[in-house]
Amino acid sequence: MSFDAIDAAWWSILFILIGGWLATDIWRWLGVLLGNRINEESQALVLVRAIATALVAGVIAKLVVFPSGSLAETHWALRVGALAFGFLAFQLAKQNVMVGVVSGALALFAAIAVF
């Protein structure tokens, strides 16, 4: 069976949902099953956490330095300022990620609206 096997509007959505579920759900279940057995202070988990943090930082840096789409139309100073504001809010909120993300996004939206 292939993507073009069925000529119905709902087929492409179902195909993507099933493919996405098969690709990710098994790793979620393995994480749940094996997560109880992993020591949070182990060197392996510290390494995994460091790599995940570095990947997120890389994606954020790419969005700020080399944006695409509508974000590319904004001035770099607005993007850097919103990033700094979000980081400051994150630190002031005792490292609450949601506060940092929402504050940075609102700062960017407000700066775009003003300028």
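Which residues is Leu 108 in contact with, leaving aside its neighbours within four places in sequence? The points below work towards that residue and then beyond it.

1. To begin with the answer, in this predicted model Leu 108 is in contact with Leu 71, Leu 78, Arg 79 and Ala 82, once its neighbours within four places in sequence are left aside. The residue lies in helix α4, and it counts as buried because its relative accessibility is 14%, where buried means under 20%. One of these contacts can also be followed through the backbone: Leu 108 and Leu 78 are 30 residues apart along the chain, yet their C-alpha atoms are separated by 6.5 Å.

2. The overall plan of the chain may help in placing that residue. The chain has four helices and zero strands, and the pattern read along the sequence is α-α-α-α. Among the elements that matter for this note, α1 covers 9-35 and α2 covers 43-65, while α3 covers 76-92 and α4 covers 97-114.

3. On overall dimensions, the radius of gyration of the chain is 20 Å, whereas a compact globule of 115 residues would have one near 13 Å. Taken along the principal axes, the box filled by the C-alpha atoms is roughly 50 × 45 × 20 Å. Buried residues make up 15% of the 115 residues, and, of the contacts between residues at least 6 apart in sequence, 22% join residues at least 24 apart.

4. The surface and the charges deserve a separate remark. The accessible surface of the chain comes to about 9,400 Å², and carbon and sulfur atoms account for 73% of that area. There are 6 positive and 6 negative side chains in the chain, and the centres of these two sets lie 13 Å apart.

5. The largest nonpolar core has five residues in all, namely Leu 78, Ala 82, Ala 107, Leu 108 and Ala 111. The elements that give two or more residues to this core are α3 and α4, and α4 gives the most, with three residues. As a general background, nonpolar side chains tend to be buried together in soluble globular proteins. Within the core, Ala 107 is in contact with Ala 82, and it is also in contact with Phe 85, when its neighbours within four places in sequence are left aside.

6. A further residue to look at is Thr 74, which lies in the loop between α2 and α3. Although placed in a loop, Thr 74 is buried, because its relative accessible area is 13% and buried means under 20%. Leaving aside neighbours within four places in sequence, Thr 74 is in contact with Arg 79 and Ile 112. Thr 74 and Ala 111 are 37 residues apart in sequence, and the distance between them in space is 9.5 Å, C-alpha to C-alpha.

7. The loop between α3 and α4 contains Lys 94 and also Gln 95. Phi of Lys 94 is near 60 degrees, a positive value in a residue other than glycine, and phi of Gln 95 is likewise positive and near 60 degrees. For comparison, most residues other than glycine have a negative phi. Lys 94 is exposed, because its relative accessible area is 79% and exposed means over 50%.

8. The last point concerns Glu 40, whose place is in the loop between α1 and α2. Is this residue buried or exposed? Glu 40 counts as exposed, because its relative accessibility is 55% and the cut-off for exposed is over 50%. Even so, Glu 40 touches Leu 45 and Arg 49, not counting residues up to four places away in sequence.

Technical notes. Residues are numbered from 1 along each chain as its sequence is written. This is a predicted model: local features need pLDDT of at least 70, side-chain atom pairs count only at pLDDT 80 or more; totals for chains, interfaces and linings use all residues. Side-chain values use heavy atoms; hydrogens and water are left out. Buried means under 20% relative accessible area, exposed over 50%, partly exposed in between (1.4 Å probe, protein chains only). Contact means heavy atoms within 4.5 Å. The radius of gyration is taken over C-alpha atoms; the globule rule is 2.2 Å times the number of residues to the power 0.38. Accessible areas come from the Shrake-Rupley method with a 1.4 Å probe; for residues, only the protein chains shown count as cover. Lys and Arg count as positive and Asp and Glu as negative; His and the chain ends are not counted. The place of a charge is taken as NZ of Lys, CZ of Arg, CG of Asp or CD of Glu. A nonpolar core is a set of buried Ala, Val, Leu, Ile, Met, Phe, Trp, Tyr and Cys residues joined through side-chain atoms within 4.5 Å.
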